[in-house]
Amino acid sequence: MALVPYLSESNLSAVDQPLLKRPINLFRALANSPGALRSHSVLGEWIRWHCELDPRLRELAILQVGYLTSSRYEFSHHVHIGHQFGVTDDDIHGLIAATAGNEHGLGEVETAVLSAARQLTGGTRVDEDTWETLTRHFDHQGLVDLVMVISFYNGVVRILEGLQIDVEPEYQQYLDRFPLPDGRDAEPESQTSASQTGKHRQR
């Protein structure tokens, strides 16, 4: 259960209500600080709609971050979003295999993108071999965009886990289809969705 309440439009001032035009749990929690949500949304919207990085590769990078960190929320949401931007189930199975160090069938650019995502999630730099491969597929703008996407979503998973944001029931199906590496794909038995009850954990 989330550590802060999930707010609704009725809890916000008229000027802040548009922040919840997409009322997912993450945004409803961040709405406790409208300025934070507004700033978060600016970069998130740029990544989703204006970043020139190939959208399938972008979503694979985000999925790799979510999978490697076992972030139930990020991974499940971006399986759904990724499907809208060209990510296939075979791509996701390939990502899972690549993470385990197994044969995966993905191409050179996909492999390099996933490798960069793993390296920037587990550390702070991309190794020389991976970077060299990336430079064969991306110009300087694309390289910056890729690092921005990976870094931003590493921040997002820490927001999600720091506030213990609940996965909405409709996204559980993606965790059932693509289990996370540490078994966190199952919905906690004790979890009562604050989005349904309007309650949150008291500190």
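E108 is partly exposed in this predicted model, with a relative accessible area of 42%. Its salt-bridge partner is R136, and the closest N and O atoms of the two are 3.0 Å apart. E108 lies in helix α6 (residues 108-122), while R136 belongs to the loop between α7 (128-135) and α8 (140-163), so this pair ties together parts that are 28 residues apart in sequence. R136 is partly exposed as well, at 49% relative accessible area.

Some salt bridges also share partners: R56, D91 and E110 are joined into one network in this way.

**Other salt bridges**

How many salt bridges does a search of the whole structure find? The count is six. As background, side chains of opposite charge can pair when their charged atoms come close. Three of the pairs are set out here, with the distance between N and O atoms.

| Pair | N to O distance |
|---|---|
| D91 and R56 | 3.0 Å |
| E59 and R58 | 3.0 Å |
| E108 and R136 | 3.0 Å |

Let us take D91 and R56, whose side chains meet in a salt bridge. D91 sits in helix α5 (residues 89-99) and R56 in helix α3 (residues 55-68), so the bridge links parts of the chain that are 35 residues apart in sequence. Is D91 buried or exposed? With a relative accessibility of 7%, D91 counts as buried. R56, on the other hand, reaches 21% and counts as partly exposed, because the partly exposed class begins where the buried one, under 20%, ends.

The bridge between E59 and R58 has a buried residue at each end: E59 has a relative accessible area of 1%, and R58 has a relative accessibility of 2%.

**The largest pocket**

Turning from charges to empty space, the largest pocket has a volume of about 380 Å³. Which of its 22 lining residues are closest to the centre? They are R22, I24, F27, E45 and R48. Four helical elements each give two or more residues to the lining: α1 (25-30), α2 (34-50), α4 (72-84) and α8. Among these, α2 supplies the largest share, with six residues.

By class, the lining of this pocket is made up of twelve nonpolar residues, five polar ones and five charged ones. If you are looking at the structure now, a handy place to start is the pocket centre, with R22 and F27 among the residues closest to it.

Terms used
Residues are numbered from 1 along each chain as its sequence is written. This is a predicted model: local features need pLDDT of at least 70, side-chain atom pairs count only at pLDDT 80 or more; totals for chains, interfaces and linings use all residues. Side-chain values use heavy atoms; hydrogens and water are left out. A salt bridge is a side-chain nitrogen of Lys or Arg within 4 Å of a carboxyl oxygen of Asp or Glu. Buried means under 20% relative accessible area, exposed over 50%, partly exposed in between (1.4 Å probe, protein chains only). On a 1 Å grid over the protein atoms alone, a cavity is a set of points where a 1.4 Å probe fits but cannot get out, and a pocket is an open set with protein on both sides within 12 Å along at least five of seven lines; lining residues have an atom within 4 Å of a point. Grid points are joined across faces, edges and corners, and a volume is the space filled by probe spheres set on the points. Ala, Val, Leu, Ile, Met, Phe, Trp, Tyr, Cys and Pro count as nonpolar, Asp, Glu, Lys and Arg as charged, and the others, Gly among them, as polar.
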